[in-house]
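Me: I would like a close look at a single part of this model. Please take one strand and follow it through its surroundings.

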Amino acid sequence: MADHVLTVLPGGSALSDFRAAALLARLRRVAPQVTSVAARHLHVVATDQEPGTEELADLRAILTYGDPWPGEEDDEDRGDEAGAEGGHTARVVVSPRLGTISPWSSKATDILLNCGLDVQRVERVTELRLEVGGGPLDEATWSACADLLHDRMTESALPGRDALTLLFADRSPSRWSGWTSSGADEARWRRPTRATGWRSRRTRSTTSSRPSPRCAVTRPMSS
């Protein structure tokens, strides 16, 4: 799917206050400089062409569910960024294990197709934001935090939204059957670049002559 357009649509909150507090306690055991943690869903939609204004509105409507994101809206991936009072924000994006398609993706893609949307696939990931006091996390500390935030058997931990292209990379089953979070493949996503052969699409307005689908399904994506 290297020639497809990927559209990232931020979703709602993925972490309750209670779970965030419990997770923060665990993170501080390996990274005492982490002061808070928050998480939100991201929906990555693969299409043959850039979706128009009506398609984007339909996608947003169908992919809006659960608790709203309480933080500041941002559609760009700034990686490790400067925060308030000299702190930093480190990001860990937890995705289905690379080379696999999650059950959520299969169900959600069917729903979008049934609603008349021309999509190839949609996947949901979780973006965790760690507020860090002082300087940014070094690679070893980031890895230690990432190990606490994902299940190696079924998930992968990526350093930012740029690496989401790997979810849609063409992989043979034999290549990925023994994948681990170390080695040559890890080096590919630990320092991702934008020159990865895919076109990233945010929310630039375009026009479309296709009528909006009439989908009777409401809030279908929560499970």
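What follows is a walk along strand E2 and its neighbours.

Reply: A caution comes before anything else: this is a predicted model. The setting comes next, then the strand.

The chain has 223 residues, and 48% of them count as buried. It holds six helices and seven strands. Read from the N terminus, the order is β-α-β-α-β-β-α-β-α-β-α-α-β. Contacts reach far along the sequence. Take those between residues at least 6 apart: 82% join residues at least 24 apart. The chain exposes about 11,400 Å², with 52% supplied by carbon and sulfur atoms.

Now the strand itself. E2 covers residues 34–47. Eleven of its 14 residues are buried, so the rest of the structure largely encloses it. E2 pairs with E1 and with E5.

Start with E1. This strand spans residues 5–13, and seven bridges join it to E2 in the antiparallel sense. Two partners fix the register. Threonine 7 has valine 45 of E2 as its bridge partner. Leucine 9 stands opposite histidine 43 in E2. E1 is mostly covered too, with nine of its nine residues buried.

Turn to E5. Twelve bridges tie E2 to E5, and this pairing is also antiparallel. E5 runs over residues 121–132. One bridge sets valine 34 in E2 against valine 132 in E5.

Proline 32 belongs to this picture. It lies in the loop between helix H1 (17–30) and E2. Its C-alpha is 8.9 Å from that of valine 132, although the two residues are 100 apart in sequence. Is proline 32 buried or exposed? It is exposed, because its relative accessible area is 52% and the cut-off for exposed is over 50%.

Arginine 40 is the residue to inspect within E2. Its relative accessibility is 1%, so it counts as buried; the limit for that class is under 20%. What does its side chain reach? The side chain of arginine 40 comes to 2.8 Å from the backbone oxygen of glycine 11. Glycine 11 falls within the range of E1, residues 5–13.

One general point helps when reading these strands. In a regular strand, side chains alternate between the two faces of the sheet.

Follow the sheet onward through E5. Its next partner is E4, residues 88–96, joined to E5 by seven antiparallel bridges. Valine 92 has leucine 128 of E5 as its bridge partner. Why is E4 described as largely enclosed? Nine of its nine residues are buried, so the rest of the structure largely surrounds this strand.

E4 also pairs with E6, residues 155–158. Four bridges join them, again in the antiparallel sense. There, serine 95 stands opposite serine 156 of E6.

Two remarks on rings close the tour. The charged end of arginine 121 sits over the ring of phenylalanine 168, 4.7 Å from the ring centre. Arginine 121 is in the residue range of E5, 121–132. How many aromatic pairs does the structure hold? The count is zero.

To retrace the path: E1 pairs with E2, E2 with E5, E5 with E4, and E4 with E6. Each of these pairings is antiparallel. Within E2, arginine 40 is buried. In the loop before E2, proline 32 is exposed.

Conventions:
Residues are numbered from 1 along each chain as its sequence is written. This is a predicted model: local features need pLDDT of at least 70, side-chain atom pairs count only at pLDDT 80 or more; totals for chains, interfaces and linings use all residues. Side-chain values use heavy atoms; hydrogens and water are left out. Rings of Phe, Tyr and Trp (its six-membered ring) pair if their centres lie within 6.5 Å; planes under 30 degrees apart count as stacked, over 60 as edge-to-face and the rest as tilted. A charge sits over a ring if NZ of Lys or CZ of Arg is within 6 Å of the ring centre and within 35 degrees of the ring normal. Buried means under 20% relative accessible area, exposed over 50%, partly exposed in between (1.4 Å probe, protein chains only). Helices (H or I, at least four residues) and strands (E, at least two) are DSSP runs, numbered from the N terminus. Two strands pair if DSSP finds at least two bridges between them. Contact means heavy atoms within 4.5 Å. Accessible areas come from the Shrake-Rupley method with a 1.4 Å probe; for residues, only the protein chains shown count as cover. A polar contact is a pair of N or O atoms within 3.5 Å; within protein, one must be able to donate a hydrogen and the other to accept it, and residues adjacent in sequence count only if both atoms are side-chain atoms.
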